[in-house]
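Q: Please take a close look at the sheet in this structure. How is it put together, and what surrounds it?

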Amino acid sequence: MKRFLLILSMITCLCLMAACGTDQTDETASGTADTAQYQTYAEQLLTQIVEMDDATIDSYLLGGQLPDGLASALTSWKSIREELGAFESITKTVVTMDDGTANIVIDVKFAKREGIYTMAVDQEGNVTSASFDKVYTTAEIFKKAALNTMMGMGTVFAVLIFISFIISLFKYIPDVQAKFAKKSQQAVQVEESQPAANVQPQTADDSDLMSDGELVAVITAAVCAAMAGEGNAVSKDGLVVRSIRRSRK
């Protein structure tokens, strides 16, 4: 670990020296370090990272003393190591300057597949970001595109089938409405028929009462006439009928 820390310190010093060099070129006059120095710095840092095992990476990450850029580089390498395989060689390095920040892209050949290492370094030589990514082959790109297309089309067809199923149920709506309307009509008819049934017995009772009244009047008149024939005239107001009994003869 001490050896690795010493190497990182030397690399950082190298970057700082490159950023603060006294070369009289146009780039130095504008405060921009030589891209070759950034290239060397990035390649050496890459070589050191890919040679570390998981235990060493975990020890540095748990220590919490690494800058965020270097910590992200170690985390990225640990997560993608199995997919890329062992480091073999660097095939290409491109350095671009943007407002004093050096953006380095390194094409790397690994045992299982090719990868890309990207890193950004500010004017003070600090690594602001770094990560490893795998390079997809043409076959993998087409396969992924085909899968995305199939998933998209499958989703569209599934939605269309569901919409068609919903539309097919519309033909049952009139039947359902007719059933509900029929039930409502039957309920109304039942409610209308119940008051009529209650009124009918009352009408019968009224007719019976009127018949009894007529019968009382007839009997009263007959009694008055009979008593008047016997010389015992009785006024209608003085005659009270207590009860009427039907003869069983």
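A: The answer below begins with the chain, goes through the sheet strand by strand, and ends with the helices and charged pairs.

The model is predicted. Its chain holds seven helices and four strands, and along the sequence these follow the pattern α-α-α-α-α-β-β-β-β-α-α. Of the 249 residues, 20% count as buried. Carbon and sulfur atoms supply 59% of the roughly 17,900 Å² that the chain exposes. Among contacts between residues at least 6 apart in sequence, 48% join residues at least 24 apart.

The four strands form an open sheet in the order β1-β2-β3-β4, and their pairing is antiparallel. β1 and β4 each have a single partner strand and stand at the edges, so one side of each is left without a neighbour in the sheet. On average, neighbouring strands of the sheet are turned by 15° against each other, with direction ignored. As background, strands of a sheet pair through backbone hydrogen bonds, either parallel or antiparallel.

The pairings can now be taken in turn. Strand β1 covers residues 87–98 and strand β2 covers residues 101–110; ten bridges join them. Within this pairing, Val95 has Ile104 of β2 as its bridge partner, and Lys92 stands opposite Asp107 in β2. The hairpin of β1 and β2 has two residues between the strands. Asp99 is found in the loop there, and its phi is positive, about 55°, although Asp99 is not a glycine. Most residues other than glycine have a negative phi. Asp99 counts as exposed because its relative accessibility is 73%, and the cut-off for that class is over 50%.

β2 and β3 also form a hairpin, with three residues between them. Eight bridges hold this antiparallel pair, and one of the matches sets Lys109 against its bridge partner Glu114 in β3. The pairing of β3 with β4 is antiparallel as well and has seven bridges. Here Gly115 has Lys134 of β4 as its bridge partner.

What do the two faces of β2 look like, buried or not? Ala102, Ile104, Ile106, Val108 and Phe110 point to one face and are buried. Thr101, Asn103, Val105, Asp107 and Lys109 point to the other face and are not buried. This fits a general rule: in a regular strand the side chains alternate between the two faces of the sheet.

The next topic is the nonpolar core. The largest such core has 29 residues, and those with the most contacts inside it are Trp77, Ile104, Tyr117, Met119 and Phe132. At least two residues of this core come from each of α3 (35–50), α4 (54–63), α5 (68–84), β2, β3 (114–121) and β4 (127–134). α3 gives the most, with seven residues. In general, nonpolar side chains of soluble globular proteins tend to be buried together. Met119 shows how helix and sheet meet: leaving aside residues up to four places away in sequence, the residues that Met119 touches include Tyr41, Ala42, Leu45, Ile104 and Val127.

Two helices lie across the sheet strands. α3 lies across β1, β2, β3 and β4 and runs at about 140° to β1. α5 lies across β2, β3 and β4 and runs at about 5° to β4.

Charged pairs complete the picture. Side chains of opposite charge can pair when their charged atoms come close. A search of the whole structure finds four salt bridges. One of them joins Asp54 and Arg81, at 3.3 Å from N to O; this pair links helix α4 to helix α5 across 27 residues. Arg81 is buried, with a relative accessible area of 18%, whereas Asp54 counts as partly exposed at 32% relative accessibility. Another salt bridge joins Lys78 to Asp58, with the closest N and O atoms 2.4 Å apart. That pair links α5, which holds Lys78, to α4, which holds Asp58, 20 residues apart.

A further salt bridge starts beside the sheet. Arg113 pairs with Glu140, and their closest N and O atoms are 2.4 Å apart. Arg113 sits in the loop between β2 and β3, while Glu140 belongs to helix α6 (residues 138–168), 27 residues apart. Arg113 is buried, with a relative accessible area of 19%, and Glu140 counts as partly exposed at 29% relative accessibility.

Notes
Residues numbered from 1 in each chain as written. Predicted model: local features only at pLDDT ≥ 70, side-chain atom pairs only at ≥ 80, totals over all residues. Heavy atoms only, no water. Pairing = 2+ DSSP bridges. Buried < 20%, exposed > 50% of the residue type's maximum accessible area, 1.4 Å probe, protein only. Contact = heavy atoms within 4.5 Å. Areas by Shrake-Rupley, 256 points an atom, 1.4 Å probe, with all protein chains shown as cover. Core = buried A, V, L, I, M, F, W, Y, C linked by side-chain atoms within 4.5 Å. Axes fitted to C-alpha atoms, helices over the stretch in contact; angles between N-to-C directions. Salt bridge = Lys/Arg side-chain N within 4 Å of Asp/Glu carboxyl O.
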